[in-house]
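The following exchange asks how the terms applied to a model are justified. Each reply sets a value against its definition.

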Amino acid sequence: MDLKEYPDSEMMMMHLADRIAGELENVLFHNDRAALAVPGGTTPGPIFDSLCGAGHIDWSRVDVMLTDERWVPETSDRSNTKLLRERLLVEHAAAANYVPLHAPADAPEDKLDQLAQGVEACLPLSVCLLGMGTDMHTASIFPGADQLEAALNGDGVLYAMRAPGAPEPRITLSARVLRDAMNCHVVIIGHEKREALERARNLSPEEAPIAAILPGATVHWAES
Ligand SMILES: O=C1O[C@H](COP(=O)(O)O)[C@@H](O)[C@H](O)[C@H]1O
């Protein structure tokens, strides 16, 4: 694991947006298309605000998807898709191809195959940005989840997930897809998450799902 520490989160967010933009540009220099996966939740908004204005990227050749989604309507404040649409898929990045991880249906299982086909067509990910919860989940791969074993070790690209720590059903990219990304970053803020990260380094992926990703990832941390 590569760990980068920053004086504050503002600096970290700007650095990460620049780094992701550079990695996308590099992939687009050598390939027709690039694929970017990003988390939802409370952390990545400022990265999106900066990245969406990167006019030097040919966004029309970029596929953008979430790492995971909560199975709620897109109008819900808990919808990661809502966050993505409002803060990343705007300005220059509005030209990107959005690859959905949600569609109107009662349960994620109803749309799993259809959504997985869209994801599969974009793999491998060129850049994967991940968040982490204090319970050491990443994407929506939660400790104690019903599909934990499959999401960690299965061949699939997408799994439906229910977990004690998650108030609604989820859908998540698998550990295989996250690990296969050409560039993988984890962004965390604060002491609680830093302590969780240190604990995860000595735990199994079943106990701490983030541990499945850490060996190939760069972790970016700021205290506040
Ligand atoms: O529920 C989720 O949680 C994680 C961490 O979120 P944060 O609010 O603590 O930053 C996030 O990475 C994931 O995409 C999201 O669905």
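Q: What stands opposite Leu129 in β9?
A: Leu129 stands opposite His185. This is a predicted model, in which local features need pLDDT of at least 70 and side-chain atom pairs count only at pLDDT 80 or more, while totals for chains, interfaces and linings use all residues. Residues are numbered from 1 along each chain as its sequence is written.

Q: What makes β6 and β9 a pair?
A: Two strands pair if DSSP finds at least two bridges between them; strands are DSSP runs of E with at least two residues, and helices are runs of H or I with at least four, both numbered from the N terminus. β6 and β9 are joined in the parallel sense over 4 bridges, so the criterion of at least two is met.

Q: How do you know that β2 (residues 34-38) and β6 (residues 127-130) pair?
A: These parallel strands share 2 bridges, and at least two are required. In β6, Cys128 is the bridge partner of Ala37. Val127 and Leu129 point one way from β6 and Cys128 and Leu130 the other way, all of them buried.

Q: Why are β1 (2-6) and β5 (97-98) said to stand at the edges?
A: The open sheet has 7 strands in the order β1-β10-β9-β6-β2-β3-β5, with parallel pairing. β1 and β5 each have a single partner strand, so one side of each is left without a neighbour in the sheet.

Q: Why is Met136 called buried?
A: A residue is buried if 20 or more other C-beta atoms lie within 10 Å of its own, exposed if 12 or fewer, and partly exposed in between, with C-beta atoms placed from the backbone. Met136 has 21 C-beta neighbours inside 10 Å, and therefore counts as buried. Met136 lies in the loop between β6 and α5 (148-153), and its phi is positive, about 75°, although it is not a glycine.

Q: What makes Ala139 buried?
A: Ala139 has 30 other C-beta atoms within 10 Å, so it is buried. Ala139 is also found in the loop between β6 and α5, and its phi is near 45°, a positive value in a residue other than glycine. Most residues other than glycine have a negative phi.

Q: Why is Gly55 classed as it is, buried or exposed?
A: Gly55 is exposed because 11 other C-beta atoms lie within 10 Å. Gly55 belongs to the loop between α2 (45-51) and β3 (62-66). Gly55 and His92 are 37 residues apart in sequence and 5.7 Å apart in space, C-alpha to C-alpha.

Q: How do you know that the buried residues of α7 line one face of the helix?
A: The buried residues of α7 (residues 191-200) are Lys193, Leu197 and Ala200. Seen down the axis, they fall within an arc of 65°, so they line one face; the arc is that of the directions from the helix axis to the C-beta atoms. On the other side of α7, His191, Glu192, Glu195 and Glu198 are exposed.

Q: What makes the bond between Leu123 and Pro124 a cis peptide bond?
A: Its omega is about 0°. Pro124 is placed in the loop between α4 (112-120) and β6. Most peptide bonds are trans.
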